[in-house]
Amino acid sequence: MYEVTDLVIGPDGLARCAWGSSTPDYAIYHDTEWGRPLRGDDALYERMTLEAFQSGLSWLTILRKRPAFRLAFDDFHIPTVARYDDSDVTRLLADAGIVRNRAKIEAAIANARAALELPEGLSALLWSFAPEPRPTRPASFAELAPITPESTAMAKALKKRGFRFVGPTTAYALMQATGMVDDHIVGCHVTVAPAA
């Protein structure tokens, strides 16, 4: 009988969160991006958009389509996407390289427009909901809730400002992905610098 654990030793001898060892794509993403503090309006808009497109799908699907998403959405440059019109929606719906979901495409455009209206910028708004760092990493993913008071507050604030497809669960996934929280498991080789 094998012990089930949330930490796995990969072929390279490094201990990783179990999900980060399941495919080479995940290993790269886990080791180089997930949980590392990310700032910048366009960078966070990209992550927010991809998390919204992921809703109901595997993150691996989105990760593998990410280059096509970047091309289709002009590298997630907020002012450019905010100018998209019906012809761009039609173009995106015809792009087999991305997830072709009208509601999510229209939400991505609406979210770019909403981001432009933020006096403090998207990065400052999102990071204002980052909780205080926990004293230790979680021992297992069972210790983590998919929704937190902070992600609920973030989702509510975003909705109030006109953002779509960013509920509390998506908001928490965004917080995990962008280092607002460090949800790497105890023993994981990834070292995350504290958010500045």
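## Starting with His184

At 0% relative accessibility, His184 counts as buried, because anything under 20% goes in that class. Keep in mind that this is a predicted model. You'll find His184 in the segment that follows helix α9.

So who are its neighbours? Skipping residues within four places in sequence, His184 is in contact with Cys17, His30, Trp34, Gly35, Arg137, Pro138, Val190 and Val192. There is a polar link here too: a polar atom of the His184 side chain sits 2.9 Å from the backbone oxygen of Trp34.

## His30, another buried histidine

Now hop over to His30, which is part of helix α1. With a relative accessible area of 0%, His30 is buried. Not counting residues up to four places away in sequence, His30 touches Arg16, Cys17, Trp19, Gly20, His184, Cys188 and Val190. Its side chain also reaches the backbone nitrogen of Cys17, at 3.5 Å.

## Four residues, one spot

Which residues does UniProt mark as "binding site"? The record, an unreviewed entry, lists Cys17, His30, His184 and Cys188. Along the chain they span 172 residues, yet no two of their C-alpha atoms are more than 10.2 Å apart, so they gather at one spot. You've already seen some of this in the contacts: His184 meets both Cys17 and His30, while His30 also touches Cys188.

## Helix α9 and its cover

Just before that His184 segment comes α9, running over residues 168–177. How many of its 10 residues are buried? Seven of them are, which leaves this helix mostly covered. The buried ones are Thr170, Ala171, Tyr172, Leu174, Met175, Gln176 and Ala177.

What does the covering? The list includes α1 (24–32), α2 (41–54), α7 (122–127) and α8 (149–160). Just after α9, check out Gly179, which takes a positive phi of about 75 degrees.

## Two nonpolar cores

In soluble globular proteins, nonpolar side chains tend to be buried together. Here, the largest nonpolar core has 50 residues, and Phe69, Phe73, Leu126 and Met154 have the most contacts inside it. Take Met154: leaving aside neighbours within four places in sequence, Met154 is in contact with Leu126, Phe129, Ala171, Leu174, Met175 and Met180. Among those partners, Ala171, Leu174 and Met175 are buried residues of α9.

A second, separate core has five residues, including Cys17, Ile185, Cys188 and Val190. Two of these names should ring a bell: Cys17 and Cys188 are also in the UniProt "binding site" list.

Notes:
Residues are numbered from 1 along each chain as its sequence is written. This is a predicted model: local features need pLDDT of at least 70, side-chain atom pairs count only at pLDDT 80 or more; totals for chains, interfaces and linings use all residues. Side-chain values use heavy atoms; hydrogens and water are left out. Buried means under 20% relative accessible area, exposed over 50%, partly exposed in between (1.4 Å probe, protein chains only). Helices (H or I, at least four residues) and strands (E, at least two) are DSSP runs, numbered from the N terminus. Contact means heavy atoms within 4.5 Å. UniProt positions are given in the numbering used here, feature names are shortened, and annotations may be inferred rather than shown by experiment. A polar contact is a pair of N or O atoms within 3.5 Å; within protein, one must be able to donate a hydrogen and the other to accept it, and residues adjacent in sequence count only if both atoms are side-chain atoms. A nonpolar core is a set of buried Ala, Val, Leu, Ile, Met, Phe, Trp, Tyr and Cys residues joined through side-chain atoms within 4.5 Å.
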